[in-house]
Amino acid sequence: MGDVFRALADPTRRRILDELTERDGQTLFEICSRLATKYRLASSRQAISQHLAVLEDAGVVESRKEGRYKFHYIHTGPLERIADRWVSPGRPEASDEDPPDQRARR
Amino acid sequence: MKIHLTSVLVDDQEKALRFYTDVLGFEKKADVPLGEHRWLTVTSPGDPDGTELLLEPDAHPAAGPFKEALVGDGIPWTSFAVDDVRSDYERLKDLGVTFTQEPTDMGPVTTAVLDDTCGNLIQIAEMRETG
């Protein structure tokens, strides 16, 4: 699985997540149209497709084939784990990555 | 020079004629037998001398993969102008039409994307602002 922080480190990819938050389940065409008309992001369809691949690899976007169409959905699981780790660290599932010093003490 | 004819590649001309007339509301203009297919066109309602849309068979071997790839990415190759996208969306939804994009404001236009049941996605667009 790709690095969620790297996936979020790009403004276009954050915009894609913004748009999927507004309406979940969009075709590539709709995502491209929204980025072009709302933010004047003139990226090529191929570039947006690659951004989506990075987001998918990091687990924050999920694409599903429904019949002949393919829709993209936001998947907030990895983002919730970030919040659990630093915002509400008491929760049992808080971290899937132990700090190095704790690992050494085991 | 002016644009008088454009076409959509359809998998079945009779089915296409029903969808483009009964559902979308266009009017049949030309219907000429042409070998195993027909020269079949429709025009906008009330504008028989306007631009014709040819319902062209997608028999060419390249047409299938081309249409499939466009549909997979949600890309409408053809766009029609409407006065009110949201009311057409509701009307067509009630008639059982599938949309891959609900009405969405895209800058000066509001658009939606529907499936024409003949292998194509069609955009309907409403200009909200001029200039």
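Two residues count as being in contact here if their C-beta atoms, placed from the backbone, lie within 7 Å. Keep that in mind for the first view, and remember throughout that this is a predicted model.

**View 1. Where chain A meets chain B.** Chain A brings 10 residues to the contact, and chain B brings 11 residues. On the chain A side, two elements each supply at least two residues: H3 and strand S2 (69–74). H3(A) gives the largest share of that side, with six residues. Sorted by class, the side of chain A that touches chain B is a mix of four charged, three polar and three nonpolar residues.

**View 2. A:Arg40, in a loop between two helices.** Here we look at the stretch of chain A between helix H3 (28–39) and helix H4 (45–57), where A:Arg40 sits in the loop. Its phi is near 50°, so to speak on the positive side, and A:Arg40 is not a glycine. Is A:Arg40 buried or exposed? A:Arg40 is exposed, because just 8 other C-beta atoms lie within 10 Å, and 12 or fewer is the cut-off for that label.

**View 3. B:Thr117, in a loop between two strands.** Over in chain B, B:Thr117 belongs to the loop that links strand S7 (109–115) and strand S8 (121–127). Phi of B:Thr117 is near 65°, again a positive value in a residue other than glycine. With 18 other C-beta atoms within 10 Å, B:Thr117 comes out as partly exposed.

Key. Residues are numbered from 1 along each chain as its sequence is written. Chains are lettered from A and ligands numbered from 1 in the order in which they are written. This is a predicted model: local features need pLDDT of at least 70, side-chain atom pairs count only at pLDDT 80 or more; totals for chains, interfaces and linings use all residues. Helices (H or I, at least four residues) and strands (E, at least two) are DSSP runs, numbered from the N terminus. A residue is buried if 20 or more other C-beta atoms lie within 10 Å of its own, exposed if 12 or fewer, and partly exposed in between; C-beta atoms are placed from the backbone. Ala, Val, Leu, Ile, Met, Phe, Trp, Tyr, Cys and Pro count as nonpolar, Asp, Glu, Lys and Arg as charged, and the others, Gly among them, as polar.
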